[in-house]
Amino acid sequence: MALNYYRIDHKVFNLDDKTDCFFMVCDGNGMVNSGIHDKDLLLFKVTDNPAIGSIVAAEVDGQVMCRRYIKSGSDIILRRENNQSPDIVLKRCKFKGELVSLIRNFG
């Protein structure tokens with residue numbers, strides 16, 4: 001499978017030119033209450049230390065997911081925002097990035 005790479009103008013997203021970032025397509029409606037919908041294109045800045053309360057891309061058991069990052073004591077909580085799914089509670093987590101922006105196609 002061939003990968004397509006596209007340059008983006010970091011200034012469009014209020015990012016420094018040196019900021020590493022990546023796109024991920026949302027699959028499902030797990031974050032719908034935060035305004036993220038199925039098939040939205042999500043832009044993440046690469047970080048392994050995201051802000052508490054931010055929306056993150058996190059790897060759990062080899063799967064990368066988009067969740068709200070919450071801390072409770074020493075626990076890391078990854079929360080879907082759809083009022084239907086339980087939180088994922090972990091002691092450690094591999095963060096891939098912090099959400100910067102999203103792009104939505106209509107139609």
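Strands here are DSSP runs of at least two residues, numbered from the N terminus. The model is predicted.

**Sheet**

The 7 strands form an open sheet in the order E1-E2-E7-E3-E4-E5-E6, with antiparallel pairing. Its edge strands are E1 (21-25) and E6 (88-90), each of which pairs on one side only. Neighbouring strands of this sheet are turned against each other by 45 degrees on average, direction ignored. As general background, strands of a sheet pair through backbone hydrogen bonds, either parallel or antiparallel.

**Strand E3 and its partners**

Strand E3 is mostly covered, with 5 of its 6 residues buried. E3 pairs with strand E7 (residues 94-103) in the antiparallel sense over 4 bridges. In that region Glu-59 stands opposite Lys-94 of E7. E3 is also joined to E4 by 6 bridges, and these two strands run antiparallel. Val-60 stands opposite Gln-63 in E4. The hairpin of E3 and E4 has 2 residues between the strands, and within this hairpin Asp-61 takes a positive phi near 50 degrees.

**Ser-54**

Ser-54 lies in the loop between strand E2 (41-46) and strand E3 (55-60). Its relative accessible area is 11%, and Ser-54 is therefore classed as buried, because the cut-off for that class is under 20%. A polar atom of the Ser-54 side chain lies 2.6 Å from the backbone oxygen of Ala-51. Leaving aside residues up to four places away in sequence, Ser-54 touches Arg-67, Arg-68, Tyr-69 and Glu-98.

**Exposed loop residues**

Three loop residues can be set beside Ser-54. Asp-61 belongs to the loop between E3 and E4, Asn-83 to the loop between strand E5 (75-79) and E6, and Arg-92 to the loop between E6 and E7. Their relative accessible areas are listed here.

| Residue | Relative accessible area |
|---|---|
| Asp-61 | 81% |
| Asn-83 | 75% |
| Arg-92 | 72% |

Asp-61 is exposed because its relative accessible area is 81% and the class begins over 50%. Asn-83, at 75%, is exposed as well, and so is Arg-92, at 72%.

Backbone geometry adds detail for two of these residues. Phi of Asp-61 is near 50 degrees, a positive value in a residue other than glycine. For Asn-83, phi is near 60 degrees, again a positive value in a residue other than glycine. For Arg-92 a distance is available: its C-alpha atom is separated by 8.9 Å from that of Ser-74, and the two residues are 18 residues apart along the chain.

**Second largest pocket**

The second largest pocket has a volume of about 200 Å³. Its lining comprises 14 residues, of which Asp-27, Val-64, Met-65, Cys-66 and Arg-67 lie nearest the centre of the pocket. E1 and strand E4 (63-72) are the elements that give two or more residues to this lining. The largest share, 5 residues, comes from E4. Arg-67 appears in two of these descriptions, as a residue touched by Ser-54 and as one of those nearest the pocket centre. Strand E4 likewise has two roles in this account, being joined to E3 by 6 bridges and giving the largest share of the pocket lining.

Definitions and conventions:
Residues are numbered from 1 along each chain as its sequence is written. This is a predicted model: local features need pLDDT of at least 70, side-chain atom pairs count only at pLDDT 80 or more; totals for chains, interfaces and linings use all residues. Side-chain values use heavy atoms; hydrogens and water are left out. Buried means under 20% relative accessible area, exposed over 50%, partly exposed in between (1.4 Å probe, protein chains only). A polar contact is a pair of N or O atoms within 3.5 Å; within protein, one must be able to donate a hydrogen and the other to accept it, and residues adjacent in sequence count only if both atoms are side-chain atoms. Contact means heavy atoms within 4.5 Å. Two strands pair if DSSP finds at least two bridges between them. Axes are lines fitted to C-alpha atoms, for helices over the stretch in contact, and angles run from 0 to 180 degrees between N-to-C directions. On a 1 Å grid over the protein atoms alone, a cavity is a set of points where a 1.4 Å probe fits but cannot get out, and a pocket is an open set with protein on both sides within 12 Å along at least five of seven lines; lining residues have an atom within 4 Å of a point. Grid points are joined across faces, edges and corners, and a volume is the space filled by probe spheres set on the points.
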